Amino acid sequence: MSAAIASELACRELVELVTDYFEDRLSLDENRRFELHVCSCTGCRVYLAQMRAVVRAAGRLAESDLSAAIRAELLDAFRAWKRT
Amino acid sequence: MVGHVEPLLSPELESGSSHEPSWPHQRADASEGLLIDALRRGDESSFSRLVDLHHTSMVRVARLYVATAAAAEEVAQEAWLGVLQGLAKFEGRCTLKAWIFAIVANCAKSRGVRDRRTIPLSSVTQEDDGGPSVDPERFLDNGHPRWPGHWSQPPEAWDEDALVSHETLEAIAAAMAQLPQMQRAVMTMRDVEGLGSDETCQVLGISEANQRVLLHRARSKVRKALESYLHEGEVSP
């Protein structure tokens, strides 16, 4: 069984399809092969989890605070804009 | 128009902000329309909220185009004027964020024309290194009798606590800074700023297919860098 799946999609190929999979860009058949492979392959399951972790962690880079000085400067610009 | 401020709107917006999800991958919601209406009337607290929501992102986007952090800050400030001037024309066909980013990109580019200091976003093909996402050494040969192309050195699960540490975030930021420019731009838009693929293509002026290739290369490289970082101390090839 696993050998048959292995012949369908190798780990080496799967790692190139991860973003297409996340983006829902695989054909129905490719998608089926992808998921079948992941079901039977621990290494690829871990790989997929790592790629998801990368996306999640990158999202946390957006958390940053604004300095009071810059906010004040922008508010001044806003008031000036209102006067025009 | 200027004196037409509705103070009642601000508390509403404030209460909305307390429910703001920390997860950045959120699309425009109904409060965005209210915010824009209030801004058009010159409501200062709405502007202040908009600054909180977008300014640091705008600097990050500007930084994709200009060479220094100081220049990026200036571009973002200039872009705010463009945002205010353009508000009357904003049609809501994309999210406010994507619209603002497009203005930032334009300001950054025109600044580059003025002082010749922007980094031109190179064409996709120029930086398309075409290498594999994972070191080929980690897979068995395609000629392997039983497991062709399967992992010989499979990845190991990452420690969840290590993943959320400040140091790990810095490692990710450092890995992204090493990416070729367009890859960094796409990953910044998609994964850091949470734009959709359509919006990312619009802001960067690339096709959906290119966008996906760039995103894949970027994420794969950052994963690889993070793997090395998290397994630091172990023998790595």
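Domain bounds, as used here, come from an automatic or database domain assignment. For chain B of this predicted model, that assignment gives domain 1 (9-115) and domain 2 (124-230). The points below cover the contact between these domains, the contact of chain B with chain A, and one helix pair that joins the chains.

**Domain 1 and domain 2 of chain B**
- Domain 1 of chain B brings 13 residues to the contact, and domain 2 of chain B brings 10 residues.
- On the domain 1 side, α3 (44-63) and α5 (96-115) of chain B each provide at least two residues.
- The largest share of that side, 5 residues, belongs to α5(B).
- By residue class, the domain 1 side consists of 7 nonpolar, 4 polar and 2 charged residues.

**Chain B against chain A**
- In the contact between the chains, 49 residues are from chain B and 38 residues are from chain A.
- Helices α3, α4 (69-86), α8 (166-177), α9 (181-192) and α11 of chain B each give at least two residues to the side that touches chain A.
- Helix α3(B) accounts for the largest share of this side, with 8 residues.
- The chain B side comprises 26 nonpolar, 14 polar and 9 charged residues.

**Helix α5(A) with helix α11(B)**
- Helix α5 (residues 42-59) of chain A packs with helix α11 (residues 208-230) of chain B at an angle of about 100°, and their axes are 9 Å apart.
- Because of this angle, α5(A) is roughly perpendicular to α11(B).
- From α5(A), the contact is made by Q50(A), M51(A), V54(A) and V55(A); from α11(B), it is made by R219(B), V222(B), R223(B) and L226(B).
- These contact residues divide into 5 nonpolar, 1 polar and 2 charged.

Technical notes: Residues are numbered from 1 along each chain as its sequence is written. Chains are lettered from A and ligands numbered from 1 in the order in which they are written. This is a predicted model: local features need pLDDT of at least 70, side-chain atom pairs count only at pLDDT 80 or more; totals for chains, interfaces and linings use all residues. Axes are lines fitted to C-alpha atoms, for helices over the stretch in contact, and angles run from 0 to 180 degrees between N-to-C directions. Helices (H or I, at least four residues) and strands (E, at least two) are DSSP runs, numbered from the N terminus. Angles under 35 degrees count as roughly parallel, over 145 as roughly antiparallel, 65 to 115 as roughly perpendicular and the rest as oblique. Two residues are in contact if their C-beta atoms, placed from the backbone, lie within 7 Å. Ala, Val, Leu, Ile, Met, Phe, Trp, Tyr, Cys and Pro count as nonpolar, Asp, Glu, Lys and Arg as charged, and the others, Gly among them, as polar.
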